[in-house]
Each structure stands twice: as C-alpha cells, then as structure tokens.
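Let's take a walk through this one together. Have the model open and turn it as you read.

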Amino acid sequence: MITEDFEQGPIRPPDEANSLLIRITRGCPWNRCAFCTLYNGVKFAIRSVDEIKKDILAAKDAYNGRPVDRCFLQDGDSFTMKTEDLIEVLQALKQAFPSLKQISSYGRAQTMLRKSPSEMREIGEAGLNMLYCGMESGSMNVLEKVRKGVTPESILKSTHNAKEAGMGILLFTILGLGGKELTEVHSYETARLISAIDPTDIRILSLASKPGTELYSMAQAGGFTMLSEIEMIEEQLRILKQIDGVQSKYGNYHAVNLLTELQGELPQNKQALLRTIEQFLSLAEEEQMNFIYGRRCGYYSHLHDMQQKDRHATVQKEMQNYDLRQLESLFHTCRQRWI
Ligand code: SF4
C-alpha cells in the first residue's frame, strides 16, 4: 500500500516515464540557473535513510511482486547524500526489487567531484548505473552567463569518474542557451565537450525563457537575444557536424524540439541526421515557417507531414493572421508550454 507519507518529487526525465520513482532528496542544492524553474519554492533537503526505506517498502507492497526493471532517484542531485547512506538506499532498493536493471539519478558536477573515485566506484557497484547530467553547454562563457555553477572541466572530470565507476552517461544540451550573442562559441564548445565525454546518450533540448526566470528578465532588458527556431536548427547542425569520436545515442525526443525525427546512433546515423537538418534548412523561408507553425500548433509531427496538401493549406491560411515578429513570439509561447 502506498501510504500518505510516500513522497514523490515533481520531476523525472522523460525516459523514466514508466520507472519506479523514489525520492531521496528534495529540490536542487544549486537552484540558481538563470533559465530554470523546476524546483521553484522547494527548499533543498536530503531525506533520511529511514524515511526513504519506508517508501521503498511501500512501493514494494504496491507493486506486489510485479517485476520492476528501472528506478529513478528523485530530485535534483543524489550525490549530495553521504556515500554510505546512498549505498544503503541502493542496497535496500535492490533487495526490494531484485529485477532492477537500471538505477539512475541526476548529479551535479561540483557535488560529484566531492566524492573520491573509489566512493564513486562503490556507488556504482551498489547499483547506481545511469547518470543524468545537465551539461547544457560546453562553453564557460555560456555556463557563466546562465549561472550554471559548473565548468566544462568539472563536467568532464565528474562524468569521467562516473564512467570509470560503470555508469552510463546521459547528457542534456540546450539549443539557443548562448542566445545570438554566444551561439558560435556555444555550438563549438558544446560539440567539443560532448566529443571528449563520449556519453551513452546525447539529449537535445531547445530553449524557451519562462517569465519569472533571470533569463527572461535578461532578454527583456536586452542582455540576451533569443535565437529564432531556424537559428536553433542551424546551431544544432553545427553541433552535430562537429561531434566526433563518440558511440552515443542521439535524440531530439522532447516535444520542445522542432525536428523530433532527429534520433539515431552516432556515428552510424550521423550523415542521415545531418541530411534531415539540411532538408529543413534548404526549404524556402515561407515553407520553413509553414513547417514551424504546423509543428508548433499541432498540425504536423514530422517534416514529411507537410506533404499532406490539406494540412499544408490550413497552416498557410492560419499563418496569414500573423506577421513575422508575432510568429516568433507564438513559437516561443508554444515552446514554453513544454518546459
Ligand atoms: S537546471 Fe538543474 S542545476 Fe540548474 S537550478 Fe535547475 S535543477 Fe538545479
């Protein structure tokens, strides 16, 4: 029986939609990134091992013997927990759910670096075998501008230690995070860092600034210029072209992205992925806008949906109600819904 005391955090990665969620921390210990609203109003805390174990047993009762193969540890940074406590939690999980194949967690680079390589190995051996890393950018200038509180070097070192400890690495990167001001350095340095890390998975996200965030205020004050949808795709083209030497899954799975068909394996599918981006970028500007409108307003899922003549005509007609500036603002509002 899941009891009233059972805690569930507000966030899980999209990949963990069907996973068992066990909350071991509340909120994010940093909570200062200029673009982030995930844990607004949540005071960071590490839950006690006893509390967590009660939740694990409650979940075990609720699953009633059904096999569970994936578990995600909420919320923002499990590595803030003392190593021996984290190991105790992992052992309790494995005992309650012996069928578990993957236990994953977010981890901040600066926190993970407080653990020695041998502590990381113990954590890996206890069962934590997938790390979600919100790298966002490989550029120090961009990381500083958005107050990420980590450096490219700390991201590289912490993910290296995690890999050595047997963990898979899933990296998130955000298109448009440098704005127009830093788009070149963002794409170049991001591709460079991804190539150096050689993660298991590369996940692309697209920026939208939410009212109430520092980034939104920066944009309003003229200190940050959002990329257009087309500029974000151009940025992705540069990043993907420059990624080199990785064996990774590459995915635009999240609906906030424009071209969700950009999914595949690197290096095998790199040329096909680049061709899809180039196919979009080679459309006439009016057709690019038709696709973006159709995609953002729910008429299209993928590029080939534009070939449906009736849908194309409906989109074309609706778009006539807006000028270019209004369209960009509409697209931004649509992206905001997804973050
Ligand atoms: S992006 Fe991640 S590290 Fe930054 S405030 Fe949000 S949860 Fe914390």
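**A walk through the model**

Start at Pro267, which you'll find in the loop between strand S10 (263-266) and helix H10 (270-281). Keep in mind that this is a predicted model. The bond leading into that proline deserves a look: Leu266 and Pro267 are joined by a cis peptide bond, with omega at about 10°.

There's another cis bond to visit, and this one doesn't involve a proline: the peptide bond from Gln74 to Asp75 is cis, with omega near -10°. Asp75 sits in the loop between strand S4 (70-74) and helix H2 (83-96). Now go to the other loop that borders S4, the one between helix H1 (49-63) and S4, and you'll come to Asn64. Its backbone has a quirk too: phi is positive, about 50°, even though Asn64 is not a glycine.

Next, the ligand. Where does it sit? The space it takes up is the largest pocket. Around the ligand you'll find Cys28, Asn31, Arg32, Cys33, Phe35, Cys36, Tyr39, Arg108 and Lys148. Sort that shell by character and you get 5 nonpolar, 1 polar and 3 charged residues.

Finish with a pair of helices. Two packed helices are described by the angle between their axes and the distance between the axes. Here, helix H11 (residues 285-296) packs against helix H12 (residues 309-319) at an angle of about 95°, and their axes are 9 Å apart. Because of that angle, H11 is roughly perpendicular to H12. Which residues make the contact? From H11 come Glu286, Glu287, Met289, Asn290, Tyr293 and Gly294, while H12 brings in His312, Val315, Gln316, Glu318 and Met319. It's a mixed crowd where H11 meets H12: the contact residues divide into 4 nonpolar, 4 polar and 3 charged.

Key: Residues numbered from 1 in each chain as written. Predicted model: local features only at pLDDT ≥ 70, side-chain atom pairs only at ≥ 80, totals over all residues. Heavy atoms only, no water. Near = heavy atom within 4 Å. 1 Å grid on protein atoms, 1.4 Å probe; cavity = no way out; pocket = protein on both sides within 12 Å on 5 of 7 lines; lining within 4 Å. Sits in = over half its atoms within 2 Å of the grid points. Nonpolar A, V, L, I, M, F, W, Y, C, P; charged D, E, K, R; others polar. Axes fitted to C-alpha atoms, helices over the stretch in contact; angles between N-to-C directions. Helix = DSSP H or I, 4+ residues; strand = E, 2+ residues; numbered from the N terminus. Parallel < 35°, antiparallel > 145°, perpendicular 65-115°, else oblique. Contact = heavy atoms within 4.5 Å.
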